Each structure stands twice: as structure tokens, then as C-alpha cells.
Amino acid sequence: MIAFLHDNRTDAAHLIRHSRRARRLRLAVPALQGDRHLARRYEQIAHAWPGIVAASADPRSGRMLLEYAPGAPLLCDLDERNAPPPPRSTFAPRVVQVRDRWHTRPVEEIVAQLATAPDGLTVREAARRLRLYGHNLAEPPDPRSRLGILAAQLTNAPMAMLLGSAGVSLLLADLVESSAILVVVGLNAGIGYHIEHRNQQVLTSWRKLEAGLAQVVRGGALQHLPATELVPGDVILVRAGDILPADARVIDAHRLSADEAPLTGESEPQHKQPDPVPPDAALAERTSMLYAGTSLVGGHGRAIVVATGSATEVAHVRALVEAAAAPPPPLAERMQRLGRRVAAISVGAAGVATAASVLHGKPTRQVLKGAVALAVAALPEGLPLVATSALVRSMQRLHEQGMVVRRVAAAEALGGVTVICADKTGTLTCNDMRLEILEAAGRSYPREVLSADRARLFVDPVTTALAAGLLNSDVDVLAGGRAAHLAISGSATERALVDAAHAAGLDGAELRRSFPRLHLYERRQGVHYVRSVHRTPEGGHVAFVKGAPEQVLALCTSSPAARRAILARNDALAAAGLRVLGFGWRPLDDRSEEPTGGFNFLGLAALRDPLREGAAEAIERARAAGIRTVILTGDQRRTAAAVARELGLKGETLVAADVVGLSPDALTRRLAATAVLARVTPEDKLAIVRALRASGEVVAMAGDGINDAPALKAADVGIAVGASATDLARQVADVVMAGEDLRSILAAVGEGRVVQDNLRRALRFLFATNLSEMALVLGAAITGARDPLTPMQLLWINLLTDTLPGLALALEPGEPDVLDRPPAPPGDDLLAAPELQRVGRDALLLAGVGAAGLAIGGPTLAFSTLTAAQLSYAGICRAPQRLHGEERRAADRRFAGLLGGGAGLQFLALTLPPLRALLGIKGPTPLVLGGFFTGLALPWAFSRKSAMHVVTRRGSPQRTESLA
């Protein structure tokens, strides 16, 4: 069998025909049939296999034709049964596929332990290891299955009671009523399933289609193989621009540096070299290692693969993700509490009604039908549809702003956020260095005023410093000319220096031609500067040095007073959150001379990883909305503190070591006054999010890296920021932002608050109307009166009044000041005690309207009057509208249309013979029609202003109308 690996899945292909003479294979691929896009994908994958010279996939037949070259490695798999056993290998699988201390061991020891060689593994040995250890794939956290999504729609108390009512109706041989109840259950479950499944598919489509290719040395020959086929012991060639496909030990490096921010949170690229590092080195300080998922920003080299698939550091973070259980959505918890209360009230009312009916001597069938009627009356059948519609409307609005909400309930959870934990590098900052200030000859020059004069290269200090930064940097300039058209690849720091030099007027291509580089003395352990030797146009030689200011200064001939002044200025710039480099130059008499001193100090370059546009404004808006922001970063304390000051955050700056080992209570107290936590690992971020949640906060985590994923999953709302967010961050986040403007997060919080407000108003309406029905049915049972409404009539009322008016309330536009008030206290019920009292009073008044209809004209008049009064009551539950213009008019038109549609359907129920027969009501008499129009007018006639706290806040409540 041959397997096609794509999108982290495996599609099996079966061999149909193999012509060795023609070197052709014909395969049957069941997944291919009918999918032309997949056919192109298979062809691309097959062309990447070594030895394949042609590939053609036919989606109509589900067949694929491969042509291969003599000796193609593919034959190793096809001839596996007939091939002699591979030679015994000293390769130790138990050692390889564990998280070992590869960074501490010399290259020779690594080569021996992995039973490999500088010219790589043989093709046969690589095939054997691939069969033994599997493909280089780290599976993403399992998405929710279709069955799991569907089960979540049905496993709640209200749905269980409806299903029970349908069962009782079925036992009473009332097929129409049981079928109607089951239809309602199916509609609610289907809508919820469709929404959640659709959003899961949207997120899956964002994932990368292929794992990519890797340059691998096998049997002394260079091959381009799918990264999924790498095995421990493979020798890979790496260069700037590569995304690392596996964990690897560096064996040869030339100016090699890696951006490990997605894994470690470090904003600066890490220099890589083959020498071992101490065993206790942190992940960000293991300069001899390359890690899967990180990228190379400079240089080139070779490395030995030491871990693939589930043994990589990325997989370790994935394990943390899987261990971090996602908290249940706050809305789900509140709805469950409401559902349990409604179920308890319904069961209690059914018990009272049953006892009263038995005492009044009613037959058993009537008693059971009365219990079913109470269950139907008590449960707001339209609540799932109304809640889902409110959430979906919010999701659509967020999607228009470039945000994909993976789980429906997350749209509401955003509204309750009290703390935002934000990763620094790549989330609050751009992870792209920029020269801010150049210090030369005792003066400071902001980037905007820098100007270079090529004719005064070694006379003008600014020009000399800019030239030193350009010539001493190892970058690739992909296009010459004006600065606006440059494409520079390399480390972020050196790109910033070269870009600044070009912007100031230097021509990098011309300068490199005039001063060709002869020697480069790179950084090494303990040496944090780079020296370069160049030939001058006159035939002489000149040396430049660039690096840590204190070490560069030690190579220069500055006076003690000048040294103190320079170091003081360095400290001041570093305290402002800037990365500072020192520069020096000197002429050389001999090109072979290694410049070890005697440099002339040129100045300091201060660089900054700029804040993302809108980051400071977003944090200020969060503060105004009552939301605290905490920065979590792997960077150093001083850098993180400076970024916090720039953002306007107030509070302590701690490092992870300050809080490790604290008890939960002590950690909570410490975090309450903290604005920044530096030097944090993925485990630390996870612990901090959990501690904040345990203290009662509703936490949103914003990040983009692999190291953010566990915290993203553990937070109440995980937000993956930007199109460059890693796949793992997107897979576990609740909200995925396509853009990088953090103000979008506050817009999402505002949408969440609108959802909360609308759900409270809709719940007020739903519970008041359903309680009125239950009070009417229960009152009739206690007094021994005739049944006022049948289960079918109650189901009709609920479907009509729960859905259309409920939707009208759930889709209301938000208030303009939704972000000018604090969030609702965490853990509050959707309807607090004072609100429930008002709901109870309104329910009794509505029940009184139905009772009056029952007394005057019997069940048909009660059905007509109560339904109309409930429809009209929706207008009383609207919030005061402070919007103006087209949005207000559109909201009014939508509200009137939905309520008018409900009234029209009720009028048809009273007048259309088929509907009358289904509902069991008599023909439309003037009394019944008069009761209908009277019911529409009664709530408005008896409404007055009341201090009902529909939206409870830490600030002032909103006031709405209520029945008196």
C-alpha cells in the first residue's frame, strides 16, 4: 500500500498494475474520485517523491498513474516482502524518540548514537526507520466529532423534558402532538449542529495544505523530500527562509540564526552554532539546536534530525494543550443553571397539578395530558433558536471585521471578559525591528533626520556608522534602487540596519562592491560582537565591529570619561525598551591581521520592535471598559517593562521565577497587582491563566505562537492574532483574527456585551410568557376548571411567541456606550433575583389576561387573547433606543416585521380551517377576533416605566418598561 499524506491526514492508495519494464504504476485511490482539487494535490505530492518522473491523477475513475526512474526509492516499499532483511543497525529507537539532551553532546557523539554519517542515511535504512517510527507528523488536537457536536445540542434539561413529553404523548397514542414536539427538538438541535460544524470547517480550511519539502542528504546525494518522510538520523541542509520541519542538532553553521519567537517568545533571532551548551540552558539559549516550527532568518548550515513527530518540542507543547481542558463557555453554564431551574419548577408544578387533578377525580388520560401540557408550557422551546440566532448574528458581524468565531458560545463569552492576557512578541509588537535612534559624535539622530554623505564616508560620523552597520551585516538584498523597492532577507536586527542605511541615502550594492568583505569573525560563546575586514577602493583595508556596546567599547581606544558617558547612554536607551548595538572601525595595515583592538568608537544604534498599530489604543479602551490587561512574554524583564510603559500599563513587572512555587491564594494576590510577566514558558502561561480563572476572572488570552497554545485553550476565550499565527494557535483558539489590529478584540468584546444584553431581554420575554402559560394551566388544575389549553395549542403558542418575538429581541442593535461601562460581574445569572421578581409579576398579569378570556369565552378565547398579549409584550421588553439614522430605522423595520409576522400567523390560526382543525379550536367568532385585537393592545395600555434591571452592571443599570 502507498499513502498520500496531506493536510495532516493519510489517504490509502492500492496498487492495481505494475509494469517494471515500462516503469509505470497504476494506483486506485478511493478518496480521489470526484475531487479534481485533490487530484492536483496528489500530483504535486507525487512529483516531490524521489525518483518519480511523471504523475497523472484522474478524478473521474479514482485512478492515478506514476512513472518512475530506475532505482527509485519508492520500490523499497513495493518490494518489502521479497527484500532481504536489512542489515542489523546500532540505531537505538528507545533513545531517539524521547526528549533527550541533544544540545549538551558533541557532534561526534550524536552521529554515533544515531548511527548516521555526514553523508546521511542510506535509502534502505531511511525506509526502515520510517516504517519503524512513522511519518513526521504531530497530529493536531482532535476536533469535535459530528456526533459530539450533535449530542451537545440534546444533552440539556429542557431538551430532555421535551423528549420525555413526546414519549408520554406517544404512549397516549397522540401521534400528532408527539411528532410536533419531536420536530421542535429536531429543529433546535439541527440549527445548533449546523452552526458549530460549519465554523469548525471554516477553521480547518485555514490550515496549511502541505507539510512542505526538506533538503536531505541520503547516501551522499542531495534529495528534496516531503518533510513528513524525515526520520531521526537524517542530515538536512538548512538556509535562511526555511521553516524547520523537525528538531535537529546543528553540525555545521555559517552565520546561522533562527527566529524562535513562536516557540520561546524571544523577539531576537538566536545565533546557532555546533558547539555543545550547558545542560541547564533554557530552551531559548540552546544555540546548538534547531526546533520544528521555527524559521531560519540568516545564514546556512547542516543539521542532524534528532526528533520527529510526537517527540519534538512542538509536540511537547501540543501535549500541554491536550492536558489543558478548555473551560465550559460561561453562557453554557448559565443556560444549564436556568434549564435546571426551569426543569425543577416544571416538575414541581406538574406534581401539584397531578395531585389536584386526582383529587378532583379527573381520568388518568386527562391527568397525563395535563402533565404534558405543563411540561410544554414551562419550557421555552424557542430559546435555543433565539440564543443561537443572537450568537450567529454576532459571529457574522465579527466575520465582517475579519474574525472567525470557532465556537458559537464564544461570541457571548467575549462580553464577560474581565482580564486580557496578551503575548508581547508578534501580538502587541510587530516582531520586526526598526532603527529608532543613532547616537554618533555625542549627538542623537532620530531615524527621520538621518542623512548619509557617501563622499564623506570616514569623515562624517553618521555616514560611517550607517556604512559600518550595512557592511558588517549578513543580509540578502533582493532588489536594488530606492529604499521603497528593497526586499531584504536576514535577521530582523540586521535588516533594520541595512534598511536605515538605504533610507538615509547609501547605495548598499555600490558600497559592497567598493568595500568587498574579505574576512568575517562571527559571534561565539561569550563573544557578542561581529568583526568584518574589507578592502577599500584605494587598495587598503578597513575593519568594522558591531555588537554589545560594553564589549565593543572594550575594543576601542576611548577615554575613561567617554566610556562612562557611552555606557550611561546605553543604559538609558535599554531602559526605554530599545535594543542597543555599538559600532567601531579602524584601518588595517595587513588584510591577514585579525583586528582585536584599536577601534575608533562610532556610536550607538537603538532599535525597537514597534508596537502594532492600535495596540496602545486597544489597551486604553480595555481599561475604559473595565478590563485589565496583563502582558505575558518570554522576553527579558527590562524589555517587557519598557513595552508596558509605552502601552500605558501600570503595575508590577515580574519574571516567572517570582511566582513559581506560590500557593494558589498567594499567586492570585500577586497577579492582582501585576501588569507584566517576563521570561514565561508555555507551562507558566497556562498556570497564570488558570490562576486568574480560579480567582473568578473571565480571561481572554491573545497570542499567535506555539508557546501560547496551552493558555489559549485554557482561557475562557482564546484569540489567535493575525494571519501569521501558527497552525497550533489557530486550532485551539475560540476566535481567529485574520488581521493584526488589536482594537478588533475590543470590538469583539462589545459584540459579546450586545449579545448578553439581548439575551437578557429575550430571556425576560420568554420566561414571562412561558410562566404565564404554566400559571394558567396550573391554576385551572388547582381550581378544577376545564383545561384552558391543549398541549398542541401550547406548542403553537410557544413556537409562535418564543421564536419570532424572541428573534426580534435577540437581533436588536447594540447601544452606543456598550464599551463605556464595566463588564457584568463574573458568575452572575442571566436573570438576577430582582429581574425574576419582575418577570413573575408580568407572567401573572399575562396569565390573568388568559384567565379572563377563559372565563368569558372558553378555551378558544383564552388561546386567542393570551397569544396576542404575549406578542405585544415583546415591545415592552425592548431596550430604550438611543441609536439614530438608518441603523435605527432598520432595527425598527425588522422588529415590526417579525412581530407583524407572528400576529399574522396567529390570525391565520384563528381563521384558516386546516389550522383550526390541527389546533382543535372553534371557528372565528366576533368575540374571538375581538379578544385577539384586545390582547394586542392590552400590554401597551397597561405598561409604565419601571426600574427593571434588565442589564445588571457594576455601574448604572439600564431601565426598561414593564407591566404594572
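Aspartate 609 is buried, yet it has no salt bridge. In this predicted model, the nearest side chain of opposite charge belongs to lysine 424, 4.5 Å away. A salt bridge needs the nitrogen and the carboxyl oxygen within 4 Å, so that pair doesn't make the cut. What does aspartate 609 touch with its side chain instead? There is a polar contact with the side chain of threonine 429, at 2.8 Å, and the backbone nitrogen of cysteine 430 lies 3.4 Å from a polar atom of the aspartate 609 side chain. As for its place in the chain, aspartate 609 sits in the loop between β23 (600-608) and α21 (615-624).

Elsewhere, charged side chains do pair up: the count comes to 26 salt bridges. Here are three of them.

| Pair | Closest N to O |
|---|---|
| Glutamate 125 and arginine 128 | 3.2 Å |
| Glutamate 125 and arginine 129 | 2.7 Å |
| Glutamate 812 and arginine 878 | 2.8 Å |

Glutamate 812 is in the loop between α29 and α30, and arginine 878 in the loop between α30 and α31, so this pair ties together parts 66 residues apart in sequence. Glutamate 125 and arginine 128, by contrast, are three residues apart in helix α5, about one helical turn. Arginine 129 is four residues from glutamate 125 in that helix, and both are buried. There's also a network of salt bridges linking Arg434, Glu436, Glu448, Arg608 and Glu646.

How far can you trust the picture? Mean pLDDT for the chain is 78, with 77% of residues at 70 or more. Go easy on residues 202-211 and 478-484, where pLDDT stays under 50. Where pLDDT is low, the predicted coordinates shouldn't be read in detail.

Key
Residues are numbered from 1 along each chain as its sequence is written. This is a predicted model: local features need pLDDT of at least 70, side-chain atom pairs count only at pLDDT 80 or more; totals for chains, interfaces and linings use all residues. Side-chain values use heavy atoms; hydrogens and water are left out. Helices (H or I, at least four residues) and strands (E, at least two) are DSSP runs, numbered from the N terminus. Buried means under 20% relative accessible area, exposed over 50%, partly exposed in between (1.4 Å probe, protein chains only). Lys and Arg count as positive and Asp and Glu as negative; His and the chain ends are not counted. A polar contact is a pair of N or O atoms within 3.5 Å; within protein, one must be able to donate a hydrogen and the other to accept it, and residues adjacent in sequence count only if both atoms are side-chain atoms. pLDDT is the predictor's confidence in each residue, from 0 to 100. Contact means heavy atoms within 4.5 Å.
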